[in-house]
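Me: I would like to go through a structure with you, one topic at a time. Could you put it up first?

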Amino acid sequence: MNENYLQQLKRGTLEMIFLALISEKPMYGGEIMNILNNEGAPYFSGAKEGSVYPVFYRLEDAGLIVSVPNGNQKKDFYITDEGLKKLDEMKEYWLEFTKTVDYFLNRTEEVKDNE
């Protein structure tokens with residue numbers, strides 16, 4: 001697959017994925033990178049600080065997460081109430097969005113069946 005296309009897809013979903021992971025439990029950046037690299041292969045493997053931390057900063061600036069020093073020279077990220085609301089909205093939107101994309105991807109088959 002075209003690497004540029006994959007980058008665009010990842011860029012559009014990382015904030016939602018981060019919120020989903022942090023909603024499970026507070027995590028620090030390295031934990032998120034490990035999960036992406038181990039459980040997200042092949043699409044999200046290769047996660048590095050340079051791609052992960054800007055997402056954290058955007059989420060924090062938007063008030064969706066907060067960072068708290070954990071005493072180990074790391075920060076744990078916690079989801080806020082606003083972040084939980086936003087995650088619910090994103091999930092709902094994602095389900096509708098993927099249904100629509102699936103419709104268009106399979107439309108040709110449906111049109112052929114109706115002819």
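The chat below goes through pockets, the sheet, loops and single residues.

Me: What kind of model is this, and how are the residues numbered?
Reply: This is a predicted model, in which local features need pLDDT of at least 70, side-chain atom pairs count only at pLDDT 80 or more, and totals for chains, interfaces and linings use all residues. Residues are numbered from 1 along each chain as its sequence is written, and side-chain values use heavy atoms, with hydrogens and water left out.

Me: What volume does the largest pocket have?
Reply: The largest pocket has a volume of about 320 Å³. A pocket is defined on a 1 Å grid over the protein atoms alone, as an open set of points where a 1.4 Å probe fits, with protein on both sides within 12 Å along at least five of seven lines. Grid points are joined across faces, edges and corners, and the volume is the space filled by probe spheres set on the points.

Me: Which residues line the largest pocket?
Reply: The lining consists of Tyr 5, Leu 9, Gly 12, Thr 13, Met 16, Met 90, Tyr 93, Trp 94 and Phe 97; a lining residue has an atom within 4 Å of a point. Helix H1 (3–24) and helix H4 (81–114) are the elements that give two or more residues to this lining. Helices here are DSSP runs of H or I with at least four residues, strands are runs of E with at least two, and both are numbered from the N terminus.

Me: Which helix gives the largest share of that lining?
Reply: H1 does, with five residues.

Me: And how does the lining of the largest pocket divide by class?
Reply: Seven residues are nonpolar, two are polar and none is charged. In this scheme Ala, Val, Leu, Ile, Met, Phe, Trp, Tyr, Cys and Pro count as nonpolar, Asp, Glu, Lys and Arg as charged, and the others, Gly among them, as polar.

Me: What about the second largest pocket: what is its volume?
Reply: Its volume is about 270 Å³. There are 17 lining residues, and the closest to the centre are Gln 7, Lys 10, Leu 14, Ser 51 and Val 52. H1 and helix H3 (49–61) are the elements that give two or more residues to this lining, and the largest share, six residues, comes from H3.

Me: How many charged residues are in that second lining?
Reply: Four are charged, beside eight nonpolar and five polar residues.

Me: Back to Ser 51, then. Where does Ser 51 lie?
Reply: Ser 51 lies in helix H3. Ser 51 counts as partly exposed because its relative accessibility is 37%; buried means under 20% relative accessible area, exposed over 50%, and partly exposed in between, with a 1.4 Å probe and protein chains only. Ser 51 and Met 33 are 18 residues apart in sequence, and their C-alpha atoms are 9.5 Å apart in space.

Me: New topic: what is the strand order in the sheet?
Reply: The order is S1-S3-S2 in an open sheet of three strands with antiparallel pairing. The edge strands, each pairing on one side only, are strand S1 (27–28) and strand S2 (65–69). Two strands pair if DSSP finds at least two bridges between them.

Me: How many bridges join S2 and S3?
Reply: S2 and strand S3 (residues 75–79) pair over five bridges, and Pro 69 stands opposite Lys 75 in S3. S1 and S3 pair over two bridges, where Tyr 28 has Asp 76 in S3 as its bridge partner.

Me: Which residue in the hairpin of S2 and S3 takes a positive phi near 90 degrees?
Reply: Gly 71 does, in a hairpin with five residues between the strands. Gln 73 is in the loop between S2 and S3, and has a positive phi of about 60 degrees although it is not a glycine.

Me: Is Gln 73 buried or exposed?
Reply: Gln 73 counts as exposed, because its relative accessibility is 84%.

Me: Which peptide bond is cis?
Reply: The bond from Ala 41 to Pro 42 is cis, with omega near 0 degrees. Pro 42 lies in the loop between H2 and H3.

Me: Last one: what does the side chain of Glu 31 reach?
Reply: The side chain of Glu 31 reaches the backbone nitrogen of Tyr 28 at 2.9 Å. Glu 31 is in helix H2 (residues 29–39), and is buried, with a relative accessible area of 19%.

Conventions:
A polar contact is a pair of N or O atoms within 3.5 Å; within protein, one must be able to donate a hydrogen and the other to accept it, and residues adjacent in sequence count only if both atoms are side-chain atoms.
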